[in-house]
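Please work through the following exercises with the sequence and the structure at hand. Attempt each task before reading its solution.

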Amino acid sequence: MKNKGGFYNSIVNSAFRLSNFLVGILLVILITASVSLIFIRGIPDFKTSLQSAEIIFAIKLSLYTSLISTFLCIVTAIPVAYYLARVKSRFAFIINTVLDVPLALPPIVSGVALLLLFGTTEFGRHLASIGLQFVFTVKGIILAQYFVNVPYMVKVIYTAFSSVSTRMEFVARSLGYNQLETFVKITLPLAKGGIMAAVIITWAKALGEFGAALMLAGATRLKTETLPLSLFLNMSTGELSLAMAAATILIVISVASLLVFEGLGSGTTVLDRGKDGVW
Amino acid sequence: MVMLKLENVSKRLGDFAINNINLQVDRGQYFVILGPSGTGKTVLLEIIAGFHRPDQGRVYLYDKDITRLPAEARKMGFVYQDYMLFPHMTVKDNILFGARKCFPLSQAMDKMKRLVDLLGIGHLLDRYPLTLSGGEQQRVALARVLIIEPTILLLDEPLSSLDPNSKEALQLELKRIHEEFETTILHITHDFNEAINLATHVGVMINGTLAQTGTAHEVFSHPNSLEVATFLGIENIIPGRYMDGTFKCNEQLVFPAPPANGQSFSYIYFSSKDVRLGSEPGSGNCFQGIVTGISLQKDFVSLSVDVGHQIRIKLSHREFNDYSISCGNKIEFHVPVSSLGFF
């Protein structure tokens, strides 16, 4: 190819750099403009909205369900993540691959899957008969949040555990500590940052969970109405100020937890921000 | 007294494999396993410590089969090249970590005080490991394992990450520990100087197998195979035919050889620094060759001489100048019989 000389090339270089920068600027404008519009619409009536029984209910229900589902995620993700971080077997590979499935699915499909399992099978009916009724209940919201988030949490905690050297654990063991003691005294403390990050990001995702919860728990006002469902319900009935209040709360929580997550420096970036548009 | 014994131990782990290792370490020995990097030395040490179970073979400690004994019950002290101090604990808590399991706290504290004085790390107790220099970290790592009074100390390239000064200081430290505590030490390294300086016994590990073991003197002066001799850096290793009393490499290179006593030799070896210039009246092994290469080094001059085989000769600068040697010269040299070796 013919070389067109230094001047031509430096013009191309500058134009290339400039256009990359300009596209970035356009994206920033798009994002800040749309998000700040919610604040602009939401802030004036924010105080009165916060006093409405419906928003208060939604906040309480969101906190209640997200805290429980996050707790359940921690309790199950830690052992699974540790197993995956330490065992390199075919079985570990299978677990890992299966865990990827809910990550790849749109949450609304996950919701349908849960609805089928717990609503139409003997297994679901049996659980319902002993008091674990998930379909169209608050328990269903928790289950939906759990199902969508637990693989994600496993991945983040997996990264944290993988960064702890097995040789450090070996040393602890040769100093007289069995595997469980080593895990508690060495591995957990060293993975603390990553686990904290996982907890915060999971909690924020649980607060925003919409699709799966909608399918499994339904959208019943003042019954299964979490913040995102409240936003949805109020948008569809034209209660704009309530909708904006719910959206504002969600934005604040999401952005704050994102900052904390990045700040904890787990080495993971937020790859999956959900498919609902809330996250 | 045999302390540690490995019988036909094999293990495959990722890219590393060790095959059919037989090893015996007696109480009080300083045993150095010497081998190039990536030959599975660390895996061997980790099997002894109980971090991996061998695919085949058995490990014995004082005649007790410990192959399936968990690491935490073996009471062996393990020190890695990169120290592996617990970064979330102070130096003091690192040192007391294992001791808390073995002794009441007051006794552990006493032991710590003594060790810390011995190793000169008393001023570091409240610091965190990441703020320490390499040499300091390694001292802390040593204190952390010595405090539990391990049956055997397993050192995985303990000096490799240190700068030359700390390396030398810690070698002395290790020697002192070996003498003062009468600890049995199994130390692996790729560094000859460490082996020469520290070892009472040496094993050479090549490609996942132990090629030769013995006292340090035996191994260094009598390598028993081509692999070991090559690894030990012996420059002249020449194949040939052994016939009663002589070893013939080619028509010109014929050496006197010891009686075979039933064994057969297929290589002769001698160090380049044992070759002497000039002839030695009365000795059979005088040779003439053409100088084909000269390499000037800081402390010596290395010649390549063609006698059908390339022979390497190491000279001092003075000798080199006295003989005023240049490429293409024909020179005469001899190899003292006492410096010849065969396998």
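The exercises below concern a predicted model.

**Exercise 1. Two helices of chain A**

Task: Determine how the axes of helix H3 and helix H13 of chain A are arranged, and state which residues meet.

Solution:

Step 1. Locate the helices: H3 of chain A covers residues 53-86, and H13 of chain A covers residues 240-264.

Step 2. Consider the axes, which come within 10 Å and cross at roughly 25°. Angles under 35 degrees count as roughly parallel. Therefore H3(A) is roughly parallel to H13(A).

Step 3. Establish the hand of the crossing: for H3(A) and H13(A) the crossing is right-handed.

Step 4. List the residues that meet. H3(A) contributes Glu54(A), Ile55(A), Ala58(A) and Ile59(A), while H13(A) contributes Leu242(A), Ala245(A), Ala246(A) and Ile249(A).

Step 5. Sort these residues by class: the contact of H3(A) with H13(A) has 7 nonpolar and 1 charged residues, and no polar ones.

**Exercise 2. The domains of chain A**

Task: Describe the division of chain A into domains and the contact between them.

Solution:

Step 1. Read the bounds: domain 1 of chain A is 1-42, and domain 2 is 48-264.

Step 2. Find the separation of the centres. Taken over C-alpha atoms, the centres of domain 1 and domain 2 of chain A are 36 Å apart.

Step 3. Count the residues in contact: domain 1 of chain A supplies 5 residues and domain 2 of chain A supplies 6 residues.

Step 4. Classify the side of domain 1 of chain A that touches domain 2 of chain A; its residues are 3 nonpolar, 1 polar and 1 charged.

**Exercise 3. The contact between the chains**

Task: How many residues does each of chain A and chain B bring to the contact, and which elements of chain A give two or more residues?

Solution:

Step 1. Count both sides: 14 residues come from chain A and 19 residues from chain B.

Step 2. Identify the elements of chain A: helix H8 (166-174) and helix H9 (179-190) each give two or more residues to the side that touches chain B. H8(A) has the largest share, with 6 residues.

Step 3. Divide the side of chain A that touches chain B by class, which gives 8 nonpolar, 4 polar and 2 charged residues.

**Exercise 4. Chain B as a whole**

Task: Summarise the secondary structure, extent and burial of chain B.

Solution:

Step 1. Count the elements: chain B has 9 helices and 21 strands.

Step 2. State the extent: along its principal axes, the C-alpha trace of chain B spans about 75 × 45 × 35 Å.

Step 3. Assess burial: of the 343 residues in chain B, 35% are buried.

Definitions and conventions: Residues are numbered from 1 along each chain as its sequence is written. Chains are lettered from A and ligands numbered from 1 in the order in which they are written. This is a predicted model: local features need pLDDT of at least 70, side-chain atom pairs count only at pLDDT 80 or more; totals for chains, interfaces and linings use all residues. Axes are lines fitted to C-alpha atoms, for helices over the stretch in contact, and angles run from 0 to 180 degrees between N-to-C directions. Helices (H or I, at least four residues) and strands (E, at least two) are DSSP runs, numbered from the N terminus. Angles under 35 degrees count as roughly parallel, over 145 as roughly antiparallel, 65 to 115 as roughly perpendicular and the rest as oblique. A crossing is left-handed if the near helix is turned anticlockwise from the far one by less than a right angle, and right-handed if clockwise. Two residues are in contact if their C-beta atoms, placed from the backbone, lie within 7 Å. Ala, Val, Leu, Ile, Met, Phe, Trp, Tyr, Cys and Pro count as nonpolar, Asp, Glu, Lys and Arg as charged, and the others, Gly among them, as polar. Domain bounds come from an automatic or database domain assignment. A residue is buried if 20 or more other C-beta atoms lie within 10 Å of its own, exposed if 12 or fewer, and partly exposed in between; C-beta atoms are placed from the backbone.
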